[in-house]
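Please walk through this structure with me, from one of its loops to its core, its helix packing and its buried positions.

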Amino acid sequence: MNQIIIYTDGACKGNPGPGGWGALLKSGDTTKELFGGEKETTNNRMEMTAVIEALKALKRPCKVLLHLDSKYVLQGITEWLPGWKAKGWKTASKQPVKNVDLWQELDALVHTAGHEIEWRWVKGHAGDPGNERADALANNGVPS
């Protein structure tokens, strides 16, 4: 299984407002940079989209070390998701899960693509080179 290191980030100018996502993928000496954006979105949607697009870029099952600075995405995928699914995509307070379309897409990617993913939270804007590059890519993706 190929080993891939991924850094993802999202950015939003206003929340909601124009937003961008960025992903840095590294395998050995190979680096791939991805970014994109939407005219009207939220920061959380861009954080999720960065992870989704990074995983979609992998063409075969990989061993992934995925760095992200979004506790929302990290806790959602590692803690909250099973409960949401068991409750028919409702929160503990019986409200619809926000961004359910992206959570369902991320859930499918994580659980059907055959990747072994280790999720690692990094503090944003704290000098981590991979996170700083993902942040720059996300800002490149923000539509003007």
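In which loop does proline 16 lie? In this predicted model, proline 16 is placed in the loop between S1 and S2, and the peptide bond that joins asparagine 15 to proline 16 is cis, with omega about 15°. Two residues elsewhere also deserve a look at their backbone angles. Tryptophan 89, although it is not a glycine, has a positive phi of about 65°, and its place is in the loop between H2 and H3. Lysine 94 is likewise a residue other than glycine with a positive phi, near 65°, and it too is found in the loop between H2 and H3. The two residues differ in their exposure: tryptophan 89 counts as buried because its relative accessibility is 17%, whereas lysine 94, at 67%, counts as exposed. As background to these cases, most residues other than glycine have a negative phi, and most peptide bonds are trans.

From these loops we can turn to the interior. The largest nonpolar core has 34 residues, and those that touch the most other members are Ile6, Leu55, Leu66, Trp103, Leu106 and Trp119. At least two residues of this core come from each of strand S1 (2-12), strand S2 (17-27), helix H1 (43-56), strand S4 (62-68), helix H2 (71-86), helix H3 (100-112) and strand S5 (116-121). Of the contributors, H1 gives the most, with seven residues. In soluble globular proteins, nonpolar side chains tend to be buried together. Leucine 55 can serve as an example from this core: not counting residues up to four places away in sequence, leucine 55 touches Ile6, Leu66, Leu106, Leu109, Val110, His115 and Ile117.

The packing of the helices can be followed next. Two packed helices are described by the angle between their axes and the distance between the axes. For H1 and H3, the angle is about 30° and the axes are 10 Å apart; because angles under 35 degrees count as roughly parallel, H1 is roughly parallel to H3. Their crossing is left-handed. On the H1 side, the contact is made by Arg45, Met48, Thr49, Val51, Ile52, Leu55 and Lys56, and on the H3 side by Asp101, Leu102, Trp103, Glu105, Leu106, Leu109 and Val110. By class, the residues of this contact of H1 with H3 divide into nine nonpolar, one polar and four charged.

How do the axes of H2 and H3 cross, and within what distance do they come? They cross at roughly 95° and come within 11 Å, and the two helices are therefore roughly perpendicular to each other. H2 brings Tyr72, Val73, Gly76, Ile77, Leu81, Trp84 and Lys85 to this contact, and H3 brings Trp103, Leu106, Asp107, Val110 and His111. Sorted by class, the contact of H2 with H3 has eight nonpolar, two polar and two charged residues.

Three further positions show how individual residues sit among their surroundings. Alanine 57 occupies the loop between H1 and S4 and, at 17% relative accessibility, counts as buried, because the cut-off for that class is under 20%. Leaving aside its neighbours within four places in sequence, alanine 57 is in contact with Leu25 and Leu34. The C-alpha atoms of alanine 57 and lysine 71 are separated by 23 Å, these two residues being 14 residues apart along the chain.

Alanine 138 offers a further case, with its place in helix H4 and a relative accessibility of 0%, so that it counts as buried. Although alanine 138 and tryptophan 21 are 117 residues apart along the chain, their C-alpha atoms are separated by 4.0 Å. Beyond residues up to four places away in sequence, alanine 138 touches Asp9, Gly10, Ala11, Gly20, Trp21 and Gly22.

Valine 142 belongs to the segment after helix H4 (129-141), and at 15% relative accessibility it counts as buried. Which residues does valine 142 touch, not counting those up to four places away in sequence? They are Ala11, Lys13, Pro18, Gly19 and Gly20. Valine 142 and histidine 125, in turn, are 17 residues apart in sequence and, C-alpha to C-alpha, 18 Å apart in space.

Definitions and conventions: Residues are numbered from 1 along each chain as its sequence is written. This is a predicted model: local features need pLDDT of at least 70, side-chain atom pairs count only at pLDDT 80 or more; totals for chains, interfaces and linings use all residues. Side-chain values use heavy atoms; hydrogens and water are left out. A nonpolar core is a set of buried Ala, Val, Leu, Ile, Met, Phe, Trp, Tyr and Cys residues joined through side-chain atoms within 4.5 Å. Buried means under 20% relative accessible area, exposed over 50%, partly exposed in between (1.4 Å probe, protein chains only). Helices (H or I, at least four residues) and strands (E, at least two) are DSSP runs, numbered from the N terminus. Contact means heavy atoms within 4.5 Å. Axes are lines fitted to C-alpha atoms, for helices over the stretch in contact, and angles run from 0 to 180 degrees between N-to-C directions. Angles under 35 degrees count as roughly parallel, over 145 as roughly antiparallel, 65 to 115 as roughly perpendicular and the rest as oblique. A crossing is left-handed if the near helix is turned anticlockwise from the far one by less than a right angle, and right-handed if clockwise. Ala, Val, Leu, Ile, Met, Phe, Trp, Tyr, Cys and Pro count as nonpolar, Asp, Glu, Lys and Arg as charged, and the others, Gly among them, as polar.
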